[in-house]
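Thank you all for coming. I would like to walk through one model this morning, moving from single residues to the way the helices pack.

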Amino acid sequence: AQDETIQHLFLECPLAKLLWRTIHIAFNINPPVDIASLFGTWLAGVEQITAARIRIGICALLWAIWNCRNDMIFNRQHNLTFLQVIFRAIAWIRAWSLLTPMDSREPLVTGCNQWEMVARVIFNRFG
């Protein structure tokens with residue numbers, strides 16, 4: 001078997017592509033082209049506060065992908081759907097939002113609701 005790369009795991013595997021597609025549809029944000037741009041120039045031109053909130057969501061997404069991959073490899077869970085990955089990410093964002101100032105919380109929660117709604121529509125249509 002070929003060794004997994006960070007680029008493939010988080011951006012190029014079919015599941016990752018689908019996850020990024022839901023973000024594109026929900027928030028009109030184009031996926032990063034590679035890992036270097038993800039933490040570099042990817043959000044150049046986006047307002048600083050908005051970019052910071054997007055990064056919270058993306059960190060949650062990457063963490064959810066990582067954990068789901070580990071579940072599939074080490075705990076033999078092979079029926080994970082993109083919706084379950086998104087639900088994990090959203091759970092992290094909602095938990096992390098409680099650690100942010102009150103005025104930062106609302107956009108994070110609203111973003112979660114928007115992402116979840118888009119993901120459910122896609123899942124119900126194609127899942």
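**Helix packing, residue by residue**

Val 85 has its place in helix H5, where helices (H or I, at least four residues) and strands (E, at least two) are DSSP runs, numbered from the N terminus. Before going on, a caution: this is a predicted model, in which local features need pLDDT of at least 70 and side-chain atom pairs count only at pLDDT 80 or more, whereas totals for chains, interfaces and linings use all residues. Residues are numbered from 1 along each chain as its sequence is written, and side-chain values use heavy atoms, with hydrogens and water left out.

Val 85 is buried because its relative accessible area is 1%; buried means under 20%, exposed over 50%, and partly exposed in between, using a 1.4 Å probe and protein chains only. Leaving out residues up to four places away in sequence, Val 85 touches Leu 15, Leu 19, Ala 64, Ile 65 and Cys 68, contact meaning heavy atoms within 4.5 Å.

How, then, do H4 and H5 pack? They meet at an angle of about 135 degrees, with their axes 8 Å apart; the axes are lines fitted to C-alpha atoms, for helices over the stretch in contact, and the angles run from 0 to 180 degrees between N-to-C directions. The two helices are therefore oblique to each other, given that angles under 35 degrees count as roughly parallel, over 145 as roughly antiparallel, 65 to 115 as roughly perpendicular and the rest as oblique. Among the residues making this contact are Ala 64, Ile 65, Cys 68 and Asp 71 of H4, and Val 85, Arg 88 and Trp 92 of H5.

Asp 71, in helix H4 (residues 48–74), counts as buried because its relative accessibility is 13%. Its side chain makes a polar contact with the side chain of Arg 88, at 2.4 Å, a polar contact being a pair of N or O atoms within 3.5 Å; within protein, one must be able to donate a hydrogen and the other to accept it, and residues adjacent in sequence count only if both atoms are side-chain atoms.

Turning to helix H6 (residues 102–126), its buried residues include Leu 108, Trp 115 and Ile 122, and what covers the buried residues of H6 includes helix H2 (14–27), H4 and helix H5 (82–97).

As a last point, Val 33 is found in the loop between H2 and helix H3 (35–38), and is exposed, with a relative accessible area of 68%.
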